[in-house]
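Visitor: I am new to this one. Please pick a single part, look at it closely, and then show me what lies around it.

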Amino acid sequence: MARRPARAFSAPAWRTALLQASDIRGDWASRQRQPVTAHACADPAVWTAALFHEPSATMTAVLAVRDRLVALVGLRPASRDSFRVLARDGDEVLVGSDDRHLDFRASVRCTRHTVDVVTYVEVHNLLGRLYLVPVRMVHAAIVRGMLRRAAKRLDPV
């Protein structure tokens, strides 16, 4: 009987091919890695949909709180367009959006044994720097939770 792979974990961030091509400056970066079995889905588009376009109730609630807070300083709410697919190349999909305070890109890359989510942020102004303070505190835990949830569905054991 196959065993469920290890839980998602943080790893050093690196520029994937699509992140490199996007020319986003890396003012802040994060990489979360989910080990998977040989039976896992290997399509990064399927993982991207599971991660960003099929949010859990918890993630929906987190985004609702975020939207209420950022509205106080005039930032736009999160939307489906916030995680728009910008590019795809083989084993990688790039999502992201640009705003006046910061731009972000997230690469979802599937390999034989892992799924990586690498996030790069380019900050434009003081508001972007201030916004990034709480994001940096919770980002890794949120993305690891998203990866674990997706893996339960996309990596049948």
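**One bridge and its surroundings**

Guide: Start with V108, whose bridge partner is V117 in strand 6. A word of caution: this is a predicted model. Now widen the view to the two strands. Strand 5 and strand 6 pair over 9 bridges, in the antiparallel sense. Strand 5 covers residues 102–110. Strand 6 covers 114–123.

Where does this pair sit in the sheet of 6 strands? Read the order: 1-2-6-5-4-3. Strand 6 and strand 5 stand side by side there, with strand 2 next to strand 6 and strand 4 next to strand 5. The sheet is open, and its pairing is antiparallel. Its edges are strand 1 (9–11) and strand 3 (84–89), each with pairing on one side only. On average, neighbouring strands are turned by 25 degrees against each other, direction ignored.

Next come the helices on the sheet. Helix 2 packs on it and touches strand 3, strand 4 (92–98), strand 5 and strand 6. The direction of helix 2 makes about 135 degrees with that of strand 5. Helix 4 lies across strand 1, strand 2 (28–35), strand 5 and strand 6. It runs at about 10 degrees to strand 2. So both strands of our pair are touched by helix 2 and crossed by helix 4, with contact taken as heavy atoms within 4.5 Å.

Now look for open space. The largest pocket holds about 1,100 Å³. It is lined by 43 residues, and L63, R66, F83, Y131 and V135 are the closest to its centre. Five elements give two or more residues each: helix 2 (44–53), helix 3 (57–71), strand 5, strand 6 and helix 4 (126–154). Our two strands are among them. Helix 4 provides the largest share, 11 residues. By class, the lining has 30 nonpolar, 8 polar and 5 charged residues.

The second largest pocket has about 170 Å³ of space. Helix 2, helix 3 and helix 4 each supply at least two residues of its lining. Helix 4 again gives the most here, with 5 residues. The lining includes A50, L51, M59, V62, I142 and M146. Its classes are 8 nonpolar, 3 polar and 1 charged.

Finish with the rings. The whole structure has 2 aromatic pairs. One of them joins F52 and F83, which are stacked at 5.1 Å centre to centre, with 20 degrees between the planes. F52 belongs to helix 2 and F83 to the loop between helix 3 and strand 3, so the pair ties together parts 31 residues apart in sequence. F83 is also one of the residues closest to the centre of the largest pocket. Helix 2, which carries F52, touches strand 5 and strand 6. That leads back to V108 and its partner V117.

Terms used: Residues numbered from 1 in each chain as written. Predicted model: local features only at pLDDT ≥ 70, side-chain atom pairs only at ≥ 80, totals over all residues. Heavy atoms only, no water. 1 Å grid on protein atoms, 1.4 Å probe; cavity = no way out; pocket = protein on both sides within 12 Å on 5 of 7 lines; lining within 4 Å. Points joined across faces, edges and corners; volume = space filled by probe spheres on them. Helix = DSSP H or I, 4+ residues; strand = E, 2+ residues; numbered from the N terminus. Nonpolar A, V, L, I, M, F, W, Y, C, P; charged D, E, K, R; others polar. Pairing = 2+ DSSP bridges. Axes fitted to C-alpha atoms, helices over the stretch in contact; angles between N-to-C directions. Phe/Tyr/Trp six-rings, centres within 6.5 Å; stacked < 30°, edge-to-face > 60°.
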